[in-house]
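Trainee: Could you take me through one part of this model closely, and then connect that part to what surrounds it? I would like a single, continuous account.

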Amino acid sequence: YLEDVKVQARGQLQAAESRYEAQKRITQVFELEILDLYGRLEKDGLLKKLEEEKAEAAE
Amino acid sequence: YLEDVKVQARGQLQAAESRYEAQKRITQVFELEILDLYGRLEKDGLLKKLEEEKAEAAE
Amino acid sequence: MTEDSQRNFRSVYYEKVGFRGVEEKKSLEILLKDDRLGILPPHHESHAQVMMYRKEQYCDVLHALEVVRFVSDATPQVEVYLRMYQLESGKLPRSPSFPLEPEDEVFLAIAKAVEEMVEDSVDCYWIIRCFVNQLNNKYREFLPQLPKAFEQYLNLEDSRLLSHLKTCSALSRLPYDLWFKRCFAGCLPESSLQRVWDKVVSGSCKILVFVAVEILLTFKIKVMALNSAEKITKFLENIPRDSSDAIVSKAIDLWHKHCGTPVHSA
């Protein structure tokens, strides 16, 4: 019975691990997208404006 | 001893789940950031176009 | 006096007044390993793996904040902890320059105090996170009742002092947020604070009431001499730090007197 419990626990842990890995891959794709978008904004020399707007929005 | 194994497994599972939940939150934040950055790029693109049109009309 | 002889003096002093001595300083770290905050399960074999999960989660969240440019190398460490906590609870604002909410200020005060007690930043974040979660979840309903309990126990201990506070209309304006929301973070020095938080973490938020009552009793003469709510509050927010160890010791006695001897306080 003890072995059963151990096997079951290991299974649950593995499921949680693989959910995490899947989610992390999504995050990594998004991260690349964000870096790319920031790059484009910077290239256009508009980042400064963006930051000004962000600061204004906070006021 | 069986109880020990169960408690230990539960602790590990909770930690794994928590790591997964954090990753999900990160995905949400990244998603919002991407939408926001696209919005700003589009706005800047439109603004540029508008200015170009204005300049043309003035010629 | 060298650092060593100071420590000896301290531990001798602690023994005299009946406390465990220099080990007190480590108590929060012991709590961490003890699982009373639920950070680590109470089994050593799984500690390594759980700690790895905790560390990875910390790194994931921190990195994410850097990606969206919410924190940078210049961001103060306690603010980094705040942003991490906000992200994890789905409360990250749209911009880092938005004004902070009162609950954020509470978080920062607690984070500053924990930062002084715990060196490792991963441990530090997890302790803050769990402590704040405990206040927000387990104690959510109790904390608003503490000012009333404070009034009751002060009445039992010194009704004249209570009358004086009422006469000055000071009772409703005492620093309750500092006492009960921030759990004395920024009010008591680190060593005294640890002994109070040790009790809070172990399940008694009522200790906060007795610390507040002891502060009033300790500074009775001073408080009785002040006759405006504003002056009284201002004084209580900035009490002299050198008396805090004695205050906490007396508060724990008072707690035992009124609430018996809870099992975890031995």
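Mentor: A residue is called buried here when its relative accessible area is under 20%, and by that cut-off Cys183(C), with a relative accessible area of 0%, is buried. The model is a predicted one, and the part I would look at closely is the loop of chain C between helix 9 (176-181) and helix 10 (190-201), where Cys183(C) is found.

Two residues of this loop deserve attention for their backbone. Cys183(C) has a positive phi of about 50° without being a glycine, and Phe184(C), likewise not a glycine, has a positive phi of about 70°. Most residues other than glycine have a negative phi. Phe184(C) also lies in the loop between helix 9 and helix 10 of chain C, and because its relative accessible area is 0%, Phe184(C) counts as buried.

The surroundings of Phe184(C) can be set out by name: leaving aside neighbours within four places in sequence, Phe184(C) is in contact with Leu178(C), Trp179(C), Leu193(C), Leu208(C), Val211(C), Ala212(C) and Ile215(C). The largest nonpolar core has 99 residues, and Phe184(C) is one of those that touch the most other members, together with Phe150(C), Trp179(C), Trp197(C), Leu208(C) and Leu236(C). Helix 6 of chain C, residues 121-136, supplies the largest share of this core, with 10 residues. There is also a second, separate core of seven residues, which includes Leu13(A), Ala16(A), Ala15(B) and Tyr53(C).

From that second core, with Leu13(A), Ala16(A) and Ala15(B) among its members, one can turn to the interface of chain B and chain A. Here 27 residues of chain B are in contact with 29 residues of chain A, and the two chains bury about 2,800 Å² between them, 70% of it on carbon and sulfur atoms. Across this interface there are two salt bridges, and in a salt bridge between Glu17(B) and Arg19(A) the side chains meet at 2.8 Å, N to O. Between chain B and chain A, six residue pairs are in polar contact, counting pairs with both residues at pLDDT 80 or more. Sorted by class, the side of chain B that touches chain A consists of 14 nonpolar, three polar and 10 charged residues.

Conventions. Residues numbered from 1 in each chain as written. Chains lettered and ligands numbered in written order. Heavy atoms only, no water. Contact = heavy atoms within 4.5 Å. Buried area = accessible area lost by both parts, 1.4 Å probe. Salt bridge = Lys/Arg side-chain N within 4 Å of Asp/Glu carboxyl O. Polar contact = N/O pair within 3.5 Å; in protein donor to acceptor, adjacent residues only side chain to side chain. Nonpolar A, V, L, I, M, F, W, Y, C, P; charged D, E, K, R; others polar. Core = buried A, V, L, I, M, F, W, Y, C linked by side-chain atoms within 4.5 Å. Buried < 20%, exposed > 50% of the residue type's maximum accessible area, 1.4 Å probe, protein only. Helix = DSSP H or I, 4+ residues; strand = E, 2+ residues; numbered from the N terminus.
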